[in-house]
Amino acid sequence: STKAPSTKAPSTKAPSTIPSTIPSVVCEEDSEERFLFKMVGRRKIIKKCGWLQSKKVTPDKRAETCGMTKGFRNIPPAKDACLVTCGICGCEDDDDKTFRRGERNLKCSWLRKQKNERLIRNTCNGPAGRICLKTCKRCISDSE
């Protein structure tokens with residue numbers, strides 16, 4: 001005897017309230033965190049997230065570096081070390097921190113209000129570039 005397919009209506013149960021066991025990503029980045037940039041023969045070329053955030057790195061090079069998936073032993077690839085710069089998690093300005101410009105301690109909100117492109121560029125090439133990631137266009141999404 002063959003069983004007829006079920007015609008039961010789909011369940012309308014409420015979603016589970018059991019907490020997820022998937023750990024959430026801590027969306028922080030240390031500019032001193034090291035990652036494997038590349039291997040040259042058997043030599044490891046190691047860089048820091050601060051280098052990847054810098055304006056020395058073109059948006060294309062940043063995207064290429066963040067796209068690499070191989071680490072070496074305890075040295076991760078950039079995408080696992082530089083979560084914010086590589087766009088793994090939100091790339092925002094840290095408005096809780098300040099940076100020094102001359103004799104003043106300033107916040108990203110001050111930098112966002114500036115109209116002078118040269119002033120913005122020069123400020124972003126200093127410590128502000130590691131704090132005001134979005135304003136200073138240090139995010140992987142800025143290369144698209």
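In the predicted model described here, the torsion about the S-S bond of C124 and C136 is about -80°, so the disulfide formed by these two cysteines is left-handed. The sulfur atoms of C124 and C136 lie 2.0 Å apart. The pair connects distant parts of the chain, since C124 belongs to helix 5, which spans residues 117-124, while C136 is placed in the segment after helix 6 (128-131), at a separation of 12 residues. With a relative accessible area of 3%, C124 falls under the 20% limit and is therefore buried; C136, for which the relative accessible area is likewise given as 3%, is buried as well.

The disulfide of C124 and C136 is one of 4 disulfides held by the structure. Another joins C49 to C82, with a distance of 2.1 Å from S to S. The torsion about the S-S bond of C49 and C82 is about -90°, and the disulfide is therefore left-handed. In this case, too, distant parts of the chain are linked, with C49 in helix 1 (residues 49-53) and C82 in the loop between helix 3 (78-81) and strand 3 (99-101), the two cysteines being 33 residues apart. Both ends of this link, C49 and C82, are buried.

A further disulfide is formed by C66 and C86, whose sulfur atoms are separated by 2.0 Å. The link of C66 and C86 is left-handed, with -75° about the S-S bond. Because C66 lies in helix 2 (residues 59-67) and C86 in the loop between helix 3 and strand 3, the pair ties together parts that are 20 residues apart in sequence. C66 and C86 are both buried.

The cysteines C124 and C136 also enter the description of the nonpolar interior, as both are members of the largest nonpolar core. This core has 12 residues, and its other members are F99, L106, C108, W110, L111, L119, I120, A128, I131 and C132. At least two residues of the core are supplied by each of helix 4 (108-113), helix 5 and helix 6. Apart from this core lies another, made up of 11 residues, which include F35, L52, A81 and C86; the last of these, C86, is the disulfide partner of C66. As for the surroundings of I120 in the largest core, when neighbours within four places in sequence are left aside, I120 is in contact with L111, Q114 and K115.

A polar residue with a buried position is found in the loop between helix 1 and helix 2, where S54 is located. The relative accessibility of S54 is 14%, which is under the 20% limit, so this serine counts as buried. The side chain of S54 reaches the backbone oxygen of W51 at a distance of 2.7 Å. When residues up to four places away in sequence are not counted, S54 touches R62 and R138.

Charged side chains were examined next. The count of salt bridges comes to 7. In one of them, the side chains of K79 and D80 meet at 3.1 Å from N to O. K79, with a relative accessible area of 25%, is partly exposed, and D80, with a relative accessible area of 43%, is also partly exposed. A salt bridge is likewise formed by the side chains of K97 and D94, with an N to O distance of 3.8 Å. Here K97 is partly exposed, having a relative accessible area of 48%, and D94 counts as partly exposed at 25% relative accessibility.

The side chains of R100 and E103 meet in a salt bridge with a distance of 3.8 Å from N to O. In this pair R100 counts as partly exposed at 46% relative accessibility, whereas E103 has a relative accessible area of 71%, which is over 50%, and is therefore exposed. Finally, D93, D95 and R112 are linked to one another in a network of salt bridges.

Conventions: Residues are numbered from 1 along each chain as its sequence is written. This is a predicted model: local features need pLDDT of at least 70, side-chain atom pairs count only at pLDDT 80 or more; totals for chains, interfaces and linings use all residues. Side-chain values use heavy atoms; hydrogens and water are left out. A disulfide is a pair of cysteine sulfur atoms within 2.5 Å. Helices (H or I, at least four residues) and strands (E, at least two) are DSSP runs, numbered from the N terminus. Buried means under 20% relative accessible area, exposed over 50%, partly exposed in between (1.4 Å probe, protein chains only). A nonpolar core is a set of buried Ala, Val, Leu, Ile, Met, Phe, Trp, Tyr and Cys residues joined through side-chain atoms within 4.5 Å. Contact means heavy atoms within 4.5 Å. A polar contact is a pair of N or O atoms within 3.5 Å; within protein, one must be able to donate a hydrogen and the other to accept it, and residues adjacent in sequence count only if both atoms are side-chain atoms. A salt bridge is a side-chain nitrogen of Lys or Arg within 4 Å of a carboxyl oxygen of Asp or Glu.
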